[in-house]
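Open the structure in your viewer and keep the sequence beside it, since this tour moves from one selection to the next. At each stop, make the selection first and then read what is there.

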Amino acid sequence: MNQVPVPRDIPLPLPAPEPVLVVVLVIFFLMHIVFVNFMVGGALLTFYYELRGRREKRYDNLAYAIASTITANKSLAVVLGVGPLLAINTIYTVYFYTANALTGAFWIGIIPLVITVFVLTYIHKYLWHWFDRIKAAHLALCAVICLLFLFIPLIFLANINLMLFPEKWTSVQGFFSALALPNVLPRYVHFVLACPAMTGLFLVWLFRRKNDEEIAAIGFERADLVRK
């Protein structure tokens, strides 16, 4: 008798051959995660340079230049996330929805959390100069954005990781116990460290294509920005 508590699969044909769906899942996930890296890493670097900018204005200018990329990368990350989400729903239906149910309120909570952090990124970006008078509040807002950007992927990762351990489903009591499963924290640390690294590569490309006037407005030489 099978002791793994996997519910019976849904007896419906796949909309496309399974290898095609796997290719779709892998390609679109790679595209999605790159822009998630840019988004999260951009927020972290914005906070770092804005903090330094309290003593030296040009670092505040650099933070603003990085912050200006977050909303665009956020939109691309969301759009490109639809493909892998649909593919994983189709291929791993039973495992995916069971993991969703076990992480419960935190999984559903992704929706209001994402809405909240996206609104905050627009406030942070478009009211940048208005906040010059109360810079501490602007930094606090950026810190909240960073924390939310770091927490939301942890929910996704815990949920997807839970799919790999159906034998643990009977012992999982929600999101926090799912975090205790193998792989979660090492994979999360790998993701967090990749974010500023990937963003650094993106910024090298960005600062190389900006014109001389835009670079001069930041306050650094182009070569200095590329090295940073």
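Begin by selecting Ile111, Ile115, Val119, Ile123, Leu127, Trp130 and Ile134, which together make a nonpolar patch of about 640 Å² on the surface of what is a predicted model.

Next, keep Leu127 alone from that selection; this residue sits in the loop that runs between α4 (110–126) and α5 (135–163). Is Leu127 buried or exposed? Leu127 has a relative accessible area of 37%, and because that value lies between the 20% under which a residue is called buried and the 50% over which a residue is called exposed, Leu127 counts as partly exposed.

Now turn to the largest pocket, whose volume is about 1400 Å³. Select Phe29, His32, Ile33, Phe156 and Ile160, which, of the 38 residues that line this pocket, are the closest to its centre. To see which helices take part, colour α1 (18–52), α2 (57–91), α3 (93–108), α4, α5 and α7 (184–209), for each of these supplies at least two residues of the lining. If you then colour the lining by residue type, you will find 31 nonpolar residues, 6 polar ones and 1 charged one.

Finally, clear the selection and show the whole protein, which has 9 helices and 0 strands, so that every element you meet from the N terminus on is an α element. The C-alpha trace spans about 70 × 35 × 25 Å along its principal axes, and of the 228 residues in the protein, 43% are buried.

Key
Residues are numbered from 1 along each chain as its sequence is written. This is a predicted model: local features need pLDDT of at least 70, side-chain atom pairs count only at pLDDT 80 or more; totals for chains, interfaces and linings use all residues. Side-chain values use heavy atoms; hydrogens and water are left out. Patches are made of residues with over 30% relative accessible area and no salt bridge: like charges are joined within 9 Å, nonpolar side chains (Val, Leu, Ile, Met, Phe, Trp, Tyr) within 5 Å. Accessible areas come from the Shrake-Rupley method with a 1.4 Å probe; for residues, only the protein chains shown count as cover. A salt bridge is a side-chain nitrogen of Lys or Arg within 4 Å of a carboxyl oxygen of Asp or Glu. Helices (H or I, at least four residues) and strands (E, at least two) are DSSP runs, numbered from the N terminus. Buried means under 20% relative accessible area, exposed over 50%, partly exposed in between (1.4 Å probe, protein chains only). On a 1 Å grid over the protein atoms alone, a cavity is a set of points where a 1.4 Å probe fits but cannot get out, and a pocket is an open set with protein on both sides within 12 Å along at least five of seven lines; lining residues have an atom within 4 Å of a point. Grid points are joined across faces, edges and corners, and a volume is the space filled by probe spheres set on the points. Ala, Val, Leu, Ile, Met, Phe, Trp, Tyr, Cys and Pro count as nonpolar, Asp, Glu, Lys and Arg as charged, and the others, Gly among them, as polar.
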